[in-house]
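Colleague: Please take a close look at the sheets, and at what packs on them and ties them to the rest of the chain.

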Amino acid sequence: MTALDIIPEVTCPPTDLWSDEPPVESDLHLQQIIILLSCLELLWRERSDYYASGNLTIYYNEEQLKKRDFCGPDFFVVLDTEKRPRKSWVVWGEQGKYPDIIVEILSDSTANIDRNNKKILYQNIFRTPNYFWFDPNSLELQGFRLIEGQYQAISPNDQGYLWSEQLGLYLGIFDRKLRYFTADGQLVPTPQEAELQQRQAKEQAILEKEQAILEKERERQAKEKLAQKLRELGIDPDTI
């Protein structure tokens with residue numbers, strides 16, 4: 001018998017697991033998740049060192065698998081990881097990484113869990129540095145920062161925005177939606193808003209170019225008219 005014969009067989013939990021989340025609760029929830037995902041995707045389009053998803057199961061221990069006690073945040077971001085499609089987020093298959101930021105979209109059926117059970121889970125087990133929740137109906141927005149193992153409320157700035165040092169962005173309410181704002185308070189556009197801004201900028205550039213051409217033509221006509229008047233008075237405009 002060799003040493004290898006007496007080493008017990010180690011069975012590792014699977015890493016290729018499908019998400020097991022129920023459908024989002026309403027159109028408001030779906031729209032909000034899409035906004036958070038698409039705006040970050042556009043803003044960080046040059047980056048490949050993060051993963052963001054919504055309504056996706058996070059598997060974080062083997063006991064959880066046995067009990068089918070899964071947890072799927074409405075929106076989360078993991079930093080310093082590979083940006084690629086996933087069926088779910090399996091912590092033990094991702095070098096032990098948990099989300100760096102989580103946002104829960106409150107509803108009547110989930111608000112109590114999000115404010116209590118999930119907050120404790122994200123604080124004590126996930127150790128997620130930034131946790132936010134947002135109610136799309138009442139517009140309640142709350143954020144927490146993990147300090148010495150405990151969540152401390154994030155104080156809003158003068159505009160009511162909450163800073164996430166993990167994202168390097170503010171989260172705040174605009175047009176009844178939770179949106180990102182840059183450090184200097186600029187709204188991070190959705191892809192549709194960015195496309196509209198680009199189209200308007202192009203149209204403005206064309207308009208300014210046309211106006212410059214018209215102004216140049218008016219100046220030419222005015223000079224020609226003045227030259228003609230001088231000639232009528234017997235003055236050579238080229239000598240002036």
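Modeller: This is a predicted model, in which local features need pLDDT of at least 70, side-chain atom pairs count only at pLDDT 80 or more, and totals for chains, interfaces and linings use all residues. Residues are numbered from 1 along each chain as its sequence is written, and side-chain values use heavy atoms, with hydrogens and water left out.

Six helices and eleven strands make up the secondary structure of the protein chain; helices (H or I, at least four residues) and strands (E, at least two) are DSSP runs, numbered from the N terminus. Among contacts (heavy atoms within 4.5 Å) between residues at least 6 apart in sequence, 56% join residues at least 24 apart.

One open sheet has six strands in the order 1-3-5-6-7-8, with mixed pairing; two strands pair if DSSP finds at least two bridges between them. Its edges are strand 1 (50–53) and strand 8 (150–153), each of which pairs on one side only. On average, neighbouring strands of this sheet are turned by 15° against each other, direction ignored. Within the sheet, strand 5 (residues 101–105) and strand 6 (residues 130–134) run parallel and are joined by five bridges. Val103 stands opposite Phe132 in strand 6. Helix 2 packs on this sheet and touches strand 1, strand 3 (75–79), strand 5 and strand 6. The direction of helix 2 makes about 160° with that of strand 1; axes are lines fitted to C-alpha atoms, for helices over the stretch in contact, and angles run from 0 to 180 degrees between N-to-C directions.

The other sheet to look at is an open one of three strands, in the order 9-10-11, with antiparallel pairing. Strand 9 (162–164) and strand 11 (177–181) are its edge strands, each pairing on one side only. From one strand to the next, the twist averages 35°. Strand 10 (residues 169–174) runs antiparallel to strand 11, with five bridges between them. Phe174 stands opposite Lys177 in strand 11. Helix 2 (residues 27–43) packs on this sheet too, touching strand 10 and strand 11, and its direction makes about 15° with that of strand 11.

Strand 11 also has a side-chain tie. Glu193 and Arg179 form a salt bridge with their closest N and O atoms 2.6 Å apart; a salt bridge is a side-chain nitrogen of Lys or Arg within 4 Å of a carboxyl oxygen of Asp or Glu. Because Glu193 lies in helix 6 and Arg179 in strand 11, the pair ties together parts that are 14 residues apart in sequence. Arg179 counts as buried, at 4% relative accessibility, and Glu193 as partly exposed, at 25%. Here buried means under 20% relative accessible area, exposed over 50%, and partly exposed in between (1.4 Å probe, protein chains only).

By the salt-bridge rule the count comes to ten. Another of these is between Glu94 and Arg84, at 3.6 Å, N to O. Glu94 is in the loop between strand 4 (89–90) and strand 5, and Arg84 in the loop between strand 3 and strand 4, ten residues apart. Glu94 is buried, with a relative accessible area of 10%, whereas Arg84 is partly exposed at 34%. Salt bridges that share partners join Glu82, Arg84, Arg86 and Glu94 into one network.
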